[in-house]
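Visitor: I would like a close look at a single part of this model, the protein surface that meets the DNA. Please take me through it carefully, and set it in the context of the chains that carry it.

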There are 2 protein chains.
Amino acid sequence: MSETRWLGDDEQRAWRTYLRMQTRLAAALNRQLQTDSGMSLADYEVLVHLTDAPDGRLRPYELQRALEWEQSRLSHHLSRMQRRGLVERQDCPGDRRGAFVALTPAGREAITAAAPGHVETVRTLFFDALTPEQVDTLGQLAAQVLTRLDPASPAE
Amino acid sequence: MSETRWLGDDEQRAWRTYLRMQTRLAAALNRQLQTDSGMSLADYEVLVHLTDAPDGRLRPYELQRALEWEQSRLSHHLSRMQRRGLVERQDCPGDRRGAFVALTPAGREAITAAAPGHVETVRTLFFDALTPEQVDTLGQLAAQVLTRLDPASPAE
DNA sequence: TTGAAATAGATGACGCATCATGTATGTTGG
DNA sequence: CCAACATACATGATGCGTCATCTATTTCAA
């Protein structure tokens, strides 16, 4: 077993700062969505994907891959969203194992109402704080880390 | 009410990539700690702070501020860690409302055993993918976002 | 064609995070 | 001094995320 390559001071500081930003930013975005629109960031993402789909509906397995969620997470989450009337489950004629998840009118209204505020918050809290060069570097850097996390997947 | 300032394509892409990296990196770090050391990242952070404290113990309210956690989150979390024998609660002579949380020997062993693998994973998955300039930009950028999130706190 | 394997999805258990609330003790202004 | 307020901490309820497991159906190879 080789020596641990500990982090240097600069790395420590950058890492800690990144972690803090990540935690706080996520919390702020969730809080905004929750208080202004009564939904979580997870709800938001589900609704966005459904909105982009033809007829506002998708097979759960498609949604799962788009979101990169675990299957059971999605299933549980859809159950909760269904209970709140944001989506509904429909039979799938072509594959009797499967199903469709579809936006309800209420779900469509909810995402329509939520989107502007959410995007505005992302812009205000994040992009407005950064230069275009920083945004560019971040995108590039994140892609590199993604490649390292999973060399197979295209990091975008 | 003014027009929504939607995100441009570049911004969309950078934002999505950042979100993906964030999610996957956190998942990978949690997985590594969980499988190699049987603890979560949250456990790890609690143990690190206790290790750095004199006598390996702190008042819960100090720990809370250091971690920037909600009070009840910490309380619940300490209960679970106590149940697993990683920490113990002690009376606080000076303030009878209060308490101390202290590392147990098992807790100390756990963090000592977990740290090298965790740091190595952070280095491998994150720092090894980046140039020093990128690390620098990230730290700077994160500090700016933190300032925007909370102008009062020193973003460090 | 049929049995094995893969796929689609649901579910229960359990740890985690937050919110609302409760209790005890300390602090302070009148 | 003491009533009001603030602080330290715990707890119960509920939504969320993961793991293990289950069922039903489809696919595929011998």
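Guide: Residues 11-147 of chain A form a span that is 71% helix and 9% strand, with its end C-alpha atoms 20 Å apart. The UniProt record, an unreviewed entry, lists these residues of chain A as "domain: HTH marR-type". The model is a predicted one, and every distance and count that follows is computed from it.

The surface you ask about can be taken one strand at a time, beginning with DNA strand C. Around DNA strand C there are 21 residues, of which Tyr61(A), His76(A), Arg89(A), Arg97(A) and Arg80(B) are the closest. Of the atoms of DNA strand C that come within 4 Å of the protein, 60% belong to sugar and phosphate. By class, the residues of this surface comprise 10 charged, eight polar and three nonpolar. Two helices of chain A, helix 3 (60-67) and helix 4 (71-83), and one of chain B, helix 4 (71-83), each contribute at least two residues to the surface near DNA strand C. The most comes from helix 4 of chain B, which provides five residues.

Individual polar contacts to the backbone of DNA strand C can be named from both chains. From chain A, Ser75(A) places a polar side-chain atom 2.9 Å from a phosphate oxygen of DNA strand C. From chain B, the side chain of Arg73(B) has a polar atom 3.0 Å from a phosphate oxygen of DNA strand C, while an N or O atom in the side chain of Glu70(B) is 2.9 Å from a phosphate oxygen of that strand.

Turning to DNA strand D, 21 residues lie around it, and those that come nearest are Arg80(A), Tyr61(B), His76(B), Arg89(B) and Arg97(B). Sugar and phosphate make up 56% of the atoms of DNA strand D that come within 4 Å of the protein. The surface near DNA strand D is built from 10 charged, eight polar and three nonpolar residues. Here helix 4 of chain A, along with helix 3 (60-67) and helix 4 of chain B, each supply at least two residues, and helix 4 of chain A gives the most, with five residues.

The contacts to DNA strand D reach both bases and backbone. Ser72(A) has a polar side-chain atom 2.8 Å from a base nitrogen of DNA strand D, and an N or O atom in the side chain of Gln71(B) lies 3.1 Å from a base nitrogen of that strand. On the backbone, a phosphate oxygen of DNA strand D is 2.8 Å from an N or O atom in the side chain of Ser75(B).

As both chains take part in each of these surfaces, the contact between the chains themselves belongs to the picture. Chain A and chain B each bring 53 residues to that contact, and between them they bury about 5,700 Å², 64% of it on carbon and sulfur atoms. The two chains are also joined by 12 salt bridges. One of them pairs Glu68(A) with Arg20(B), whose closest N and O atoms are 2.4 Å apart. On the side of chain B that touches chain A, helix 1 (9-37), helix 5 (105-125) and helix 6 (132-149) of chain B are the elements that give two or more residues. That side is composed of 29 nonpolar, 11 polar and 13 charged residues.

Salt bridges also occur within a chain, and the whole structure holds 20 over all chains. Arg59(A) and Asp95(A) form one, with their closest N and O atoms 3.7 Å apart. Because Arg59(A) sits in the loop between strand 1 (57-58) and helix 3 of chain A, and Asp95(A) in the loop between strand 2 (87-91) and strand 3 (99-103) of chain A, this pair ties together parts that are 36 residues apart in sequence.

Note on methods. Residues numbered from 1 in each chain as written. Chains lettered and ligands numbered in written order. Predicted model: local features only at pLDDT ≥ 70, side-chain atom pairs only at ≥ 80, totals over all residues. Heavy atoms only, no water. Near = heavy atom within 4 Å. Polar contact = N/O pair within 3.5 Å; in protein donor to acceptor, adjacent residues only side chain to side chain. Helix = DSSP H or I, 4+ residues; strand = E, 2+ residues; numbered from the N terminus. Nonpolar A, V, L, I, M, F, W, Y, C, P; charged D, E, K, R; others polar. Contact = heavy atoms within 4.5 Å. Buried area = accessible area lost by both parts, 1.4 Å probe. Salt bridge = Lys/Arg side-chain N within 4 Å of Asp/Glu carboxyl O. UniProt positions renumbered as here; feature names shortened; annotations may be inferred.
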